[in-house]
Structure formats: structure tokens, C-alpha cells
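Subject: Structure handover

Hello,

Here is the structure you asked about. Please open it alongside this note; what I found follows below.

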Amino acid sequence: MAKARNRSSATKNDGATVGYEAQLWQMADALRGSMDAAEYKHVVLGLVFLKYISDAFEEQHAKLLAEKSKGADPEDPDEYRALSIFWVPPEARWAHLKAKARQSTIGRLVDDAMAGIERDNPALKGVLPKDYARPALDKTRLGQLIDLISNIKVGDEASRAKDVLGRVYEYFLSQFASAEGKKGGEFYTPRCVVKLLVEMLEPYRGRVYDPCCGSSGMFVQSVEFIRAHAKGNGNGGKARADISIYGQESNYTTWRLAKMNLAIRGIDGQIAHGDTFHADRHPDLKADFILANPPFNVSDWGGERLRDDKRWKYGAPPAGNANFAWVQHIVHHLAPAGVAGFVLANGSMSSNQSGEGEIRKSMVEADLVDCMVALPGQLFYSTQIPACLWFIARDKRGQPSPRPGGHPSPTGRGDWGEGYRDRRGEVLFIDARKLGRMVDRTHRELTDEDIARIAGTYHAWRGEKEAGKYADALGFCKSATLEEVLKHGHVLTPGRYVGAEAQEDDGEPFEEKMRRLTATLREQQTEAAKLDAAIAANLKELGYGG
């Protein structure tokens, strides 16, 4: 959950860049004083949440005021709830707090505002922080922070379209993680990566689960995907948000944002708080789709206390790395025809440490691995660890797809689209490391064209009729047999399978090219000899000659 950018790049509407997170962070951090970062995190993010709610409310309030002559009532809560906008009581409105920001009672006023919003909006009960009046919190700094946050829009329609709340939260969490000395332990999934996972899995209907859901980005994107595709795109306009959402998040602050993120968008979801490994809140869930971005390479996950857990069907994961605990937890929760897509560190594709290779071998031989995607670097903002996508399918036999508009499904869940082909004994490898574009000096994003290319390749390989015919492409994708994977020692790194991209013929005859290159080499060797002689002469002059 985390990131940075510069002001000049703040125009794109896909949420990839916002522009002022770094500036906002610098100003907010200057107001922290001696307060511990872990404590300050709740103070700042609580106010950002409140500003989000207030922005959306104020925008609608202004529209209703303008329509008052036509009978609109700007003080009727139902006028807001009908549009999935939270009703903000007078004592909680941002203008009221801003006007009182310099008063010594501002802490109590913010607490009252939070309590009022929870009172009038049951979906937010227990979500908002209410400890701003505590003596340890410097009220002058709190007032300055309110003034600062007053200058940003996070909840109006334009900001919601860019997911500004998620972007600001994501960057702040990265900086807090750094200040708390555990940088990279948890991070927000870049929007383009979430979009890629969702486009590949196509979660049109059924149970959607994320065991480490962060701020609920996977769920939000899943619902957005369904709404976008409901206008056509091969499904006849029949797609509906016919999904049930289940999630779990161990970080309390992040869990609160997840609850809020869904509630703000009018999405119902069963989001539990707790440790997924040691207190699984959905123990009997069998999900149709699982999308996840677990924290990479977690060493302190308490694995030594779970050696004989029923989830470890393919081998006990090492106590020092949770990667294959996440993988097996996900497989455990998949329905018989379920599919999963998740992000992992690149090491998961090839590591043989502490039995990880044996677990991966067992999963490959069980024919669970459907597709592997190597991602470009610099996509994530709080970790530089290279990442990949795993796609797991419980049943790779020919089966109906969840795309609406086709024949009735065998489970009686409505019309399904054209079926998938039988993919047993095959794995698709996609090397996407060369894709993406730099959005600033240090961060890359996958473009919509990149996402369409990767997802389209997977859909064609699965046999979806409307995706066209699949073909291997040197340097990009390869459909490999289990025998080929076995020859590579069950290593799942796409680069091992896709080969090198064919170089374009430049038209220069081979003999001419060799003569030219040889002549260039001789020139460089002559120049190198001259430089060596000059260096030797200088050293001799200084008394270091041989």
C-alpha cells in the first residue's frame, strides 16, 4: 500500500498519478513534531477519511441547493444515501471544523464529528478513529493539519475517478512504514496491477475473496470491471455486479480503510479483521475467484505454530518465509472450479530453499498452475523486489466460462459464455518485463494496451472464442507442457520458456557486417593500447613505473 510522484505528472485519469502526495507528505510530516510515526498515522489518515466523506457530501449538497426551487432538500439524508454518499451531520462538516481549527477544543470537535458520522451511517460503525481530544496530541499541530488537508480534494467526483484517497493513503503508508523501520512490509497494489489481475480472471459472478485485502482495491476494481463490461464488450450488456465479497486484513488501520472504501462506493462486503493464518475468519469459504497481493517474503508469520495445518496439502511452508503459506491458503479456499490470480516475489518461481522447491513441484505436478506472468520492475512504490503473477486453476478441463451471454451454467447460476478448452498438462508463460511506461524517474505503470495484450493472450490460450486464436510469440509467451516444466526442474520463470525475441534483420549482408565490426574492433584495440601507454607513462613520471 504505498507511493511517490511529482506535481507535473498529475493529469492522467487512470489513477496512475496524482501529483501532490509527496508535497502533502512533507507538509504533514513537518507537523508531526516528536509524535511517534505509528501513532501519527492514525491521526493523519483519520482526517483524510473525514475529508473524503465531506468532499462527496459537499458536492452533492451544492447540487441540491441549486435545485431547491424544484423541491430538492439539501438537509434530507435520503437525498445522499440514494447515491451512496454518506450523510454528514452539521457538526461533522469540514467547513465547521476548519473554522474552529485554531481553537483549543478542536480535538473534541473532531471526535464529535467522527462519532456523529458513525451514528448516522451504520456502515462506518467502528471504522473511524475517535481519539483526537487526548492530551498527548498537540492541538496547535492538529489545527495546522486540518488547514493543510483543507487544501486537497479527495472525495469529489473527479478525485474519486482517480482514486485520490487510495493514492494519498498509499504514499503515506509507505512513508510511515519507512519511519517505523519496516519499509516494504506492507504495500498498496498499484492500480494497473489490480486491473490486470481482474481483466485476466474476469470475476463476473460468484464469490470473490482476498485473504490480505489491504484497502479493498481488488474488490473495487472487480465491481468497476463488471460495470464497464455491462455496456457490451461481447457479453450482450448482461453483466451485473452479481458477486459476493469476502476479505480479511490484519492491519487495523488498513482494515478500517477497506471497510470505508467499500462503503463509500456502495459495495457490500464481508471484510474481517485478523491474522489470516492464525485466525482465518472465513474458514469454510470456497471462492470462485481469489485475487490477492500478499506481503512479500514475510519471515515472522508464526509458521512454527502451524506445522500440521490442514491447508499445507503440498508441503509445510518454511517458518522463515510466508510466500508458500499464502499460495496454499489460496488453493485451500478455491471452489472446485475456482481460479486465483495473485502477486508474489520473483523468488517464488525458482526458490529451492527450506522445501519451497518441493512445494512448487507438488503443485505443478498436481496441474494447478495455469499461467505465470513476469512483471516489469519499478511497478511497486514501497518495495523494489521484482514481482510476478501466479494464476491457479482448480479444474483445467474444458468448462463454461463465467462470461455472461452464453449457454446455461451447469451449476444453475445463470447464463455463461463460451467455454474454456481443456488445458490439462499445459502452463502458459508470459514475459511482460519489457512492457510498461515510466510515469516519473523511478516508477513504471502498465498501460491499458499492455493490460489488454497480456489478458488477451491468456484468454486466447484458455480458448475463449472471442479472444481469437492463441500462438506462441518468441520473447513474450509460450504454452509449455508439464514435461517441459519438469525438464527445467519445476522452475516457473517465464524467461526460461519464452525464448529470445527475434531480432529484426537490418538488411546488411553478413560478410559486410563482419568486416565493419572487425575494423571497428581493431580501431578500439589501437585506441586502448594508446591509452594504456599513456597511463603507464604517467605512472612512471610519478615514480610508480615498473
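In which sense do E6 and E7 pair, and over how many bridges? The two strands run antiparallel, and five bridges join them. One such position puts Met-372 opposite Trp-390 of E7. Please keep in mind that this is a predicted model.

**Overall**

The protein chain holds 17 helices and 13 strands. It has 546 residues, and 54% of them count as buried. The accessible surface is about 24000 Å², with 50% of that belonging to carbon and sulfur atoms. Take the contacts in the chain with a separation of 6 or more: 71% of them link residues 24 or more positions apart.

**Strands around E7**

E7 spans residues 387–393. Seven of its seven residues are buried, so the strand is largely enclosed by the rest of the structure. Cover is present on both faces. One side carries Ala-387, Leu-389, Phe-391 and Ala-393. The other carries Cys-388, Trp-390 and Ile-392.

E7 also pairs with E5. That pairing is antiparallel and uses seven bridges. Here Val-339 faces Ala-393 of E7.

E5 covers residues 334–345, and ten of its twelve residues are buried. E5 has a parallel partner too: E4, residues 287–292, joined to it by five bridges. In that pair, Ala-287 sits opposite Leu-334 of E5.

**Helix H12**

H12 runs from 323 to 332, and ten of its ten residues are buried. Polar residues are on the buried list by name: Asn-323, Gln-328, His-329 and His-332 are among them. So are Phe-324, Trp-326 and Ile-330. What covers this helix? The cover includes strands E1 (205–210), E4, E5 and E7, together with helix H13 (356–365).

**Two nonpolar cores**

The largest nonpolar core has 57 residues. Tyr-40, Leu-47, Leu-145 and Phe-172 touch the most other members. Seven helices each supply at least two residues: H1 (21–30), H2 (37–66), H4 (94–99), H5 (106–120), H6 (139–149), H8 (164–179) and H11 (252–264). Which of them gives the most? H2 does, with 14 residues.

Tyr-40 is worth a look. Setting aside residues up to four places away in sequence, Tyr-40 touches Ala-28, Asp-29, Leu-31, Arg-32, Met-35, Leu-145 and Phe-176. Leu-145 therefore appears twice in this account, as a contact of Tyr-40 and as one of the residues touching the most other core members.There is a second, separate core of 53 residues. Its members include Val-194, Val-220, Ile-245 and Leu-291.

**Two positive phi angles**

Ser-354 is not a glycine, yet its phi is positive, at about 50°. This residue lies in the loop between E5 and H13. Is Ser-354 buried or exposed? Its relative accessibility is 56%, so it counts as exposed.

Asp-367 is another non-glycine residue with a positive phi, near 60°. Look for Asp-367 in the loop between H13 and strand E6 (369–374). Asp-367 is buried, because its relative accessible area is 14%.

**Glu-501**

Glu-501 is in the loop between helix H16 (495–498) and H17. Its relative accessible area is 46%, so it ranks as partly exposed. Which residues does Glu-501 contact, leaving aside neighbours within four places in sequence? They are Lys-434, Leu-474 and Gly-475. Ala-473 is 28 residues from Glu-501 in sequence, and the two C-alpha atoms are 8.0 Å apart.

**A surface patch**

Finally, the C-terminal stretch of the numbering. Leu-531, Ile-535, Leu-539, Leu-542 and Tyr-544 make a nonpolar surface patch of about 580 Å². Tyr-544 falls in the segment after helix H17 (510–541). With 67% relative accessibility, Tyr-544 counts as exposed.

Best wishes

Conventions:
Residues numbered from 1 in each chain as written. Predicted model: local features only at pLDDT ≥ 70, side-chain atom pairs only at ≥ 80, totals over all residues. Heavy atoms only, no water. Core = buried A, V, L, I, M, F, W, Y, C linked by side-chain atoms within 4.5 Å. Buried < 20%, exposed > 50% of the residue type's maximum accessible area, 1.4 Å probe, protein only. Helix = DSSP H or I, 4+ residues; strand = E, 2+ residues; numbered from the N terminus. Contact = heavy atoms within 4.5 Å. Patch = residues over 30% accessible without salt bridge, like charges linked within 9 Å, V, L, I, M, F, W, Y side chains within 5 Å. Areas by Shrake-Rupley, 256 points an atom, 1.4 Å probe, with all protein chains shown as cover. Salt bridge = Lys/Arg side-chain N within 4 Å of Asp/Glu carboxyl O. Pairing = 2+ DSSP bridges.
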